[in-house]
Amino acid sequence: MSDPIWKPNTTVAVLVEQAGRYLLVEELTEHGRRYNQPAGHLDDDESLLAAAIREAREETAYQVCPTALVGIYQWSPPGKPGLTYLRFAYAADLAPGQVAGAGVCSHRFAAEARPGDVVAVLDDGIVRAVWLSYEEVLACQAQHRSPLVLQCIEDYRAGRRYPLDLIRHYDKDAA
């Protein structure tokens, strides 16, 4: 009998930049509050692109339109043997009619809303969506969920963009 096949956790992340500010989420983790791109796991029968759009909406309340693949990242957190993430990071624009700037605070943390924040229903564990300058992203690096947060932004800033059709999704019903 053979050993079970090891599989990485497939995740997506969305990079949205408006006027030099990046959309991040502040979320509760086992290590306290951390910053991350809007990101999450691929659901069953879901394309990577659809997952990226869904995660951005669920974690920030913003509708996004992916424009390019920034990169594919493999990361194994220290101290967690056997755990590996395979992250597909997408650049995206806000959908028409969406305005950047105001923070979005989860209804669960409405008491922490800052002046100008919009209160919305966000995924469990998400405290708020925030817009941070590159300098602010660097300043809070110790609170990043993983090293992928800054690496994805660095790759985005370096102009790394790959066409969306680089990754093909074959629907099992269309095969």
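Ala19 is found in the loop between strands S1 and S2 of this predicted model. Its backbone deserves a look at the start: Ala19 has a positive phi of about 50 degrees, although the residue is not a glycine. Most residues other than glycine have a negative phi. Ala19 is also exposed, because its relative accessibility is 81% and the cut-off for that label is over 50%. The loop belongs to a hairpin of S1 and S2, with two residues between the strands.

Follow the chain from this turn into the strands on either side. S1 and S2 run antiparallel and are joined by two bridges. Here Glu17 stands opposite Tyr22 in S2.

S2 has further partners. With S3, S2 pairs in the antiparallel sense over five bridges, and these two strands also form a hairpin with two residues between them. You can find Thr29 here with its bridge partner, Gly32 in S3. With strand S9, residues 126–133, S2 runs antiparallel as well, and seven bridges join the two. In that pairing, Leu24 stands opposite Val130 in S9. How enclosed is S2 by the rest of the structure? Seven of its nine residues are buried, so S2 is largely enclosed. While you are looking at these strands, keep in mind that side chains in a regular strand alternate between the two faces of the sheet.

Now move along to Gln37, which sits in the loop between strand S3 (32–36) and strand S4 (39–41). Is Gln37 buried or exposed? Gln37 counts as buried because its relative accessibility is 1%, and buried means under 20%. A polar atom of the Gln37 side chain lies 2.9 Å from the backbone oxygen of Val149. Leaving aside residues up to four places away in sequence, Gln37 touches a list of residues that includes Ala13, Val14 and Leu15, then Leu23, Leu24 and Val25. Glu59 and Arg87 are also among its contacts, as are Leu148, Val149, Cys152 and Ile153.

Val149 leads us to helix H3, residues 148–157. Seven of the ten residues of this helix are buried, so H3 is largely enclosed by the rest of the structure. The buried residues are Leu148, Val149, Leu150, Cys152, Ile153, Asp155 and Tyr156. What do the buried residues of H3 pack against? They pack against strands S1 (9–18), S2 (21–29), S3, S5 (64–75) and S6 (85–94), and against helix H2 (134–139). After H3 comes Gly159, whose phi is positive, near 85 degrees.

Back toward the N-terminal part of the chain, the loop between S4 and H1 holds Asp45. Asp45 has a positive phi of about 60 degrees although it is not a glycine. Asp45 counts as exposed because its relative accessibility is 54%.

Helix H1 itself covers residues 48–60, and Leu49 lies in it. Leu49 is partly exposed, with a relative accessible area of 30%. Residues up to four places away in sequence aside, Leu49 touches Pro66, Tyr90 and Leu164. Leu49 and Ala68 are 19 residues apart in sequence, and their C-alpha atoms are 10.0 Å apart in space.

With these elements in place, turn to the empty space. Rolling a probe the size of a water molecule over the atoms shows where such space is left. The largest pocket has a volume of about 570 Å³. Of the 26 residues that line the largest pocket, the closest to its centre are Asn36, Trp75, Tyr85, Arg145 and Ser146. Which elements give two or more residues to the lining? They are S1, S2, S3, S4 and S6. The largest share, three residues, comes from S4.

Finally, a record lets us put a frame around much of this tour. In UniProt, an unreviewed entry places the feature "domain: Nudix hydrolase" at residues 5–155. In the model, that span is 18% helix and 42% strand, and its end C-alpha atoms lie 31 Å apart.

Terms used:
Residues are numbered from 1 along each chain as its sequence is written. This is a predicted model: local features need pLDDT of at least 70, side-chain atom pairs count only at pLDDT 80 or more; totals for chains, interfaces and linings use all residues. Side-chain values use heavy atoms; hydrogens and water are left out. UniProt positions are given in the numbering used here, feature names are shortened, and annotations may be inferred rather than shown by experiment. Helices (H or I, at least four residues) and strands (E, at least two) are DSSP runs, numbered from the N terminus. Buried means under 20% relative accessible area, exposed over 50%, partly exposed in between (1.4 Å probe, protein chains only). Contact means heavy atoms within 4.5 Å. A polar contact is a pair of N or O atoms within 3.5 Å; within protein, one must be able to donate a hydrogen and the other to accept it, and residues adjacent in sequence count only if both atoms are side-chain atoms. Two strands pair if DSSP finds at least two bridges between them. On a 1 Å grid over the protein atoms alone, a cavity is a set of points where a 1.4 Å probe fits but cannot get out, and a pocket is an open set with protein on both sides within 12 Å along at least five of seven lines; lining residues have an atom within 4 Å of a point. Grid points are joined across faces, edges and corners, and a volume is the space filled by probe spheres set on the points.
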